[in-house]
Amino acid sequence: MIKVLAKSVREYKAASILSPFFVALEVVMECLIPFIISKLVNSIDVAAGATVKMSEIWMYGGILIAMAFASLLFGALAGAFCAKASAGFAKNLRKDLYYKVQDFSFENIDKFSTPSLVTRMTTDVTNVQFAYMMLIRMAVRSPLMMVFSLVMTFVMGGSLGWIFVAVIPPLALLLLLIAKKAMPLFHRVFKKYDNLNESIQENIRGMRVVKSFVREDYEKKKFDHAATDVQMDFTKAERILAWNHPIMQFFFYGVLSTVLFLGSYFILRSNGATSVGEVSQLIVYGMQILMSLMMLSFVFVMLIMSVESARRICEILAEESTITSPENAVTEVENGDIDFNDVSFKYSAAAERYALEDVDLHIKSGETIGIIGGTGSSKTTLVNLISRLYDATEGAVCVGGRNVKDYDLTALRNSVAVVLQKNELFSGTIKENLRWGDANATDEELVEACKLAQADEFIQGFPNGYDTFIEQGGTNVSGGQKQRLCIARALLKKPKVLILDDSTSAVDTQTDALIRKAFREYIPQTTKIIIAQRTSSVEDADRIIIMDNGKINAIGTHKQLLGKNPIYTEVYTTQNKKSNDDMMSGGGDNE
Amino acid sequence: MSRSPMRGGKAMGGRPPKRKMEKGVMWRTIKAVFKCYPKMMTFTLIFIIINAIISSIPSIFMERVFSVVDKALKAGAGWSEYGTEITWNMLTLIGLYVISLTMGAIDKQLMAIITQGFLKKMRGRMFDGMQNLPIKYFDANSNGDIMSYYTNDIDALRQMISQSLPQFLTSSIMVLTLFFIMLWYSLWLTLIVLGGVVFIFIVTKIVGGGAGKYFVGQQRAVGKTEGFIEEMMNGQKVVKVFCHEEAAKADFDKVNEHLYDQSNRANRYANMLMPILGNIGHVLYVIIALIGGAFIINSVSNISIGSLAGAGLTVFNIALVVAFLQMTRQFCNNINQVSNQINSVVMGVAGAKRVFDLIDQQSEADDGYVTLVNAREVDGVITECEERTDVWAWKHPHGDGTVTYTKLCGDVVLDEVDFEYEKGKPVLQDVSIYAKPGQKVAFVGATGAGKTTITNLINRFYDIADGKIRYDGININKIKKADLRRSLGIVLQDTNLFTGTVMDNIRYGKLDATDEECIAAAKLAGADDFIRRLPDGYNTMLTSNGANLSQGQRQLVSIARAAVADPPVMILDEATSSIDTRTEAIVSRGMDALMHGRTVFVIAHRLSTVKNSDVIIVLDHGRIIERGSHEKLIEQKGQYYRLYTGAFELE
């Protein structure tokens with residue numbers, strides 16, 4: 001895991017090394033400062049019989065101020081490098097994650113789900129950034145501080161240093177014990193806490209339901225129950241952690257008293273060989289040692305807690321795209337022929353059922369194919385294989401006479417344009433959105449495509465025309481308008497194959513017909529595949545494919561199927577139920 | 001070592017702290033904590049204060065011990081002469097430590113209990129208050145905003161109660177105590193230290209202010225990056241289909257680079273603050289040492305409270321200076337603590353303010369006094385009874401003390417209703433509707449035509465002027481909201497299922513329904529079939545709003561949920577919009593059975609759903625433009641006809 005993450009440090013390697021380097025220098029300074037201070041104190045010390053040595057005070061004072069400035073400089077530099085390294089590391093991580101996801105296949109995307117991808121790129125990266133900051137600063141600082149301080153205690157206090165050596169193991173053990181005991185509790189309670197928040201979210205989202213069913217009191221009781229549970233667990237965990245401080249204090253007080261007592265004893269016994277200044281600074285070192293132990297246990301817990309986030313990030317970084325372009329890929333799609341040669345498909349190897357079974361289908365360039373079938377009949381699955389959004393499990397899918405696996409992915413997908421069922425516009429102007437289809441399209445080309453998709457008229461109606469800004473998710477255009485914009489965007493690719501996956505469901509039947517008419521007249525060579533709910537959308541297709549339960553149930557023209565194929569007939573009649581009056585022409589539902 | 005650093009990103013994710021501290025909020029928070037745990041809190045407070053005072057006095061003992069040592073050395077005496085004096089001093093010190101430790105330990109334990117208990121209480125108060133808020137509130141505020149009360153603001157509050165405030169208090173008391181001790185020892189040296197403190201505050205303001213500015217910038221950049229990532233992840237499949245990966249990467253790099261820049265600056269300032277403050281302390285230390293040394297040499301007479309009180313200390317000596325140096329160090333540390341905590345306290349207060357804002361929200365007004373009761377009808381006379389009879393009546397107490405009972409039938413009348421959500425933007429104008437018991441009334445019209453608004457008025461999610469809407473002849477403003485809503489069943493387009501089993505979700509409609517009743521309701525709604533095919537049937541767990549079901553299946557479950565409540569009036573707002581036409585044909589039989597004998601309001605895009613209604617009302621911009629049966633409207637060849645023939649786009 002560390003290896004995977006470390007790859008993202010890159011250009012921030014220097015900062016990542018300089019940060020601990022300056023931390024080390026800062027620690028050295030900080031450890032020397034009390035030493036000099038003791039010298040300073042000693043030079044004030046007149047107990048040895050001499051007078052106060054003012055010159056010495058000046059000297060040590062000067063050294064001390066110089067060291068304080070050095071320490072300040074090192075500390076500030078360490079802080080600055082640390083900020084740069086951790087912010088940079090986070091940037092690279094986000095970038096690597098994002099780039100990786102760009103190369104994901106549909107299968108990879110399905111595996112992780114969108115919200116989970118978003119969390120990994122945001123919250124998880126922030127957690128790791130924080131951990132990294134800890135790692136290159138605190139995790140370096142604390143042990144160094146401890147070791148240096150310990151050395152200094154021996155230098156200054158001689159055998160008094162052993163007091164600290166004696167104190168470290170039991171304290172470390174106790175702190176570790178607390179951390180170990182508290183951590184699983186925290187893990188559990190965080191999960192419960194998240195659940196609690198999730199149920200609040202559910203409640204807020206479903207407030208209309210709550211109020212309609214007059215379930216306010218029920219919800220309050222439910223919440224109180226869950227909140228009490230969280231409270232209990234949290235209290236338990238925090239109470240364990242709350243021992244950290246008194247334990248620290250106990251050891252600190254113990255060390256302080258012992259040093260003070262033994263120190264005085266030694267001074268008097270040695271008749272001044274050990275000095276007051278030294279003893280008072282020993283206490284400072286003692287404090288530093290204990291504080292760094294405390295920090296260390298804190299860093300330890302923080303690092304452990306961020307492991308989960310790191311793991312989730314690595315999961316993405318380690319994921320290999322299931323679909324990649326082959327070597328020596330073909331970059332030219334010759335024509336719009338499509339062949340399914342005994343194709344079967346399932347979404348995962350573990351799946352029991354095939355989503356598509358034994359599909360053998362041959363479509364000639366320029367044909368218009370309609371596909372009809374109920375929810376879950378695998379209409380979308382079928383067309384997704386054509387632009388290699390998924391790979392067939394068995395059999396081969398060919399476009400332009402070649403297996404789709406032979407093509408360069410970009411070349412294939414530029415020739416096979418898909419208007420997805422769950423389509424998205426992006427925040428930006430209409431022009432910017434349209435140019436997704438062709439980055440170099442002229443304004444005239446944009447208008448032309450929009451005319452074909454019957455979108456030009458309403459776009460011209462907007463005050464800003466083609467420069468109208470589309471909000472995130474395309475919320476400021478209606479469903480039908482959005483679908484037509486998406487079709488125009490796909491047309492701009494000038495594809496050899498155009499696939500519309502239920503892309504005109506919100507468009508009225510007349511406009512729908514106009515779009516199909518435009519297809520016939522202006523892009524006759526393009527193979528058109530239209531998935532629809534309404535039979536009216538496919539009636540005039542060259543052939544209609546009826547999908548049922550992952551299999552092709554029937555293929556034929558409207559005339560051939562009507563009255564003969566039970567599914568087609570049923571769908572047709574429900575939608576065109578002859579009412580008392582038989583005025584119904586093409587009408588259907590208007591979803 | 002608590003949650004916050006781990007969740008640092010989120011905790012920082014709150015709104016930037018307002019610099020202005022609101023005193024009122026602070027007091028209110030403290031009062032609220034005290035009210036929650038009056039005894040514990042008093043003890044904690046006392047313990048914190050005593051503990052803080054004790055923690056500041058080791059330097060006094062150090063001075064006394066060293067004084068003795070000093071004296072001994074000067075006298076050329078050894079341990080044997082002065083040992084007992086030192087030991088006594090030590091024993092007193094240890095005694096104080098024991099008190100401090102005990103209090104510290106108890107105080108930390110109490111604090112853990114108080115914090116979590118208080119947070120629980122605040123969460124509860126927010127949640128309970130929220131249940132009583134009008135729908136208007138939820139329409140006006142985004143889910144994310146409301147959620148952040150429970151996450152960011154509660155987190156900030158926790159941080160403040162459990163850490164910042166106690167530490168702030170401890171440090172402040174220690175600063176005060178040390179200040180007095182320092183004054184006791186030497187006025188001059190104290191003044192010098194004070195000068196240093198002023199300097200520390202100035203530096204904190206400059207550096208801390210810089211950090212604050214960039215943290216706000218970082219927050220904004222984080223928001224922007226998250227928004228970008230969310231949009232792109234949602235559209236990732238479109239990106240793939242259009243081979244737009246490279247452009248998407250380039251766009252991302254720009255946003256990401258900006259975030260890095262802001263984050264780097266903010267953290268740089270924040271990381272630099274501590275070394276700077278710490279070393280100012282060192283410099284101050286040197287200055288004290290120099291001046292102290294000079295004073296000793298020149299035997300400067302010392303002015304201090306101690307000397308005035310006659311406790312010696314009239315001349316500077318080594319023990320005094322050493323002790324004072326120790327105090328200087330402690331003093332600076334605590335000043336640093338205080339300046340560190342201020343920001344966190346400010347953030348906590350901002351969080352507390354928002355929490356109180358939510359609690360203080362005006363709850364949904366309800367002046368209704370007509371209630372729904374179980375009833376028995378004998379010879380046309382309705383009497384109230386305790387047990388469930390499946391006959392319901394409106395209990396209507398009148399001003400003169402009499403009580404009348406009206407049988408619940410489901411007769412709904414809207415009489416020339418006008419309504420606007422915002423002043424000057426009418427949503428409904430002059431809408432009159434008469435729904436007789438058992439009738440099916442359908443609303444058809446484009447998005448924003450006012451269909452859903454009408455249902456919002458019937459169940460009083462929004463209130464209108466008196467007397468315009470009557471239910472069984474009773475002005476609905478007189479009916480208690482809970483009872484009114486109990487008599488209405490609603491199925492919404494955005495189905496909201498709750499975490500729990502399918503059975504639990506259906507039972508939500510009637511909490512005391514038996515399993516059989518729930519299954520019967522599911523059958524009625526046409527949901528039984530697919531539910532049985534789920535892995536655990538009716539016991540299948542649903543999570544995250546039923547993510548494991550299709551939208552159509554979710555709608556079926558929510559129809560079953562309404563069915564089990566068995567209300568006389570039902571409102572179906574796009575209840576079957578996501579069920580495909582084939583399935584709908586199957587469900588429609590169940591729906592017909594469900595609607596039988598009830599007054600039903602139907603809103604649907606799909607005209608096949610509304611065709612068999614008794615009345616179809618076509619709305620346009622808040623006005624009724626056509627009304628009548630399907631056949632009649634088709635004959636009229638108006639808007640409905642155009643819609644029906646597909647010549648007009650609804651959405």
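This passage describes the domains of chain A, a helix pair within that chain, and the contact between chains A and B in a predicted model.

Chain A is split into two domains, with domain 1 covering 2–318 and domain 2 covering 338–575. The centres of these two domains of chain A, taken over C-alpha atoms, are 56 Å apart.

We turn next to a pair of helices in chain A. Helix α6(A), residues 161–205, packs against helix α8(A), residues 216–241, at an angle of about 160° and with 9 Å between the axes. Angles over 145 degrees count as roughly antiparallel, and α6(A) and α8(A) are therefore roughly antiparallel to each other. Their crossing is left-handed. On the α6(A) side, the residues making the contact include Ile178(A), Leu185(A), Phe186(A), Val189(A), Tyr193(A) and Leu196(A), along with Lys181(A), Arg188(A) and Lys192(A). Helix α8(A) contributes, among others, Ala226(A), Val230(A), Phe234(A), Ala237(A), Ile240(A) and Leu241(A), together with Glu219(A), Asp229(A), Asp233(A) and Lys236(A). Sorted by class, this contact of α6(A) with α8(A) holds 14 nonpolar, seven charged and two polar residues.

The contact between the chains completes the picture. Here, 135 residues of chain B are in contact with 141 residues of chain A. On the side of chain B that touches chain A, helix α11 of chain B (residues 245–297) supplies the largest share, at 28 residues. By class, the residues on this side of chain B comprise 70 nonpolar, 41 polar and 24 charged.

How values were computed. Residues numbered from 1 in each chain as written. Chains lettered and ligands numbered in written order. Predicted model: local features only at pLDDT ≥ 70, side-chain atom pairs only at ≥ 80, totals over all residues. Axes fitted to C-alpha atoms, helices over the stretch in contact; angles between N-to-C directions. Helix = DSSP H or I, 4+ residues; strand = E, 2+ residues; numbered from the N terminus. Parallel < 35°, antiparallel > 145°, perpendicular 65-115°, else oblique. Left-handed = near helix turned anticlockwise from the far one by under 90°. Contact = placed C-beta atoms within 7 Å. Nonpolar A, V, L, I, M, F, W, Y, C, P; charged D, E, K, R; others polar. Domains from an automatic or database assignment.
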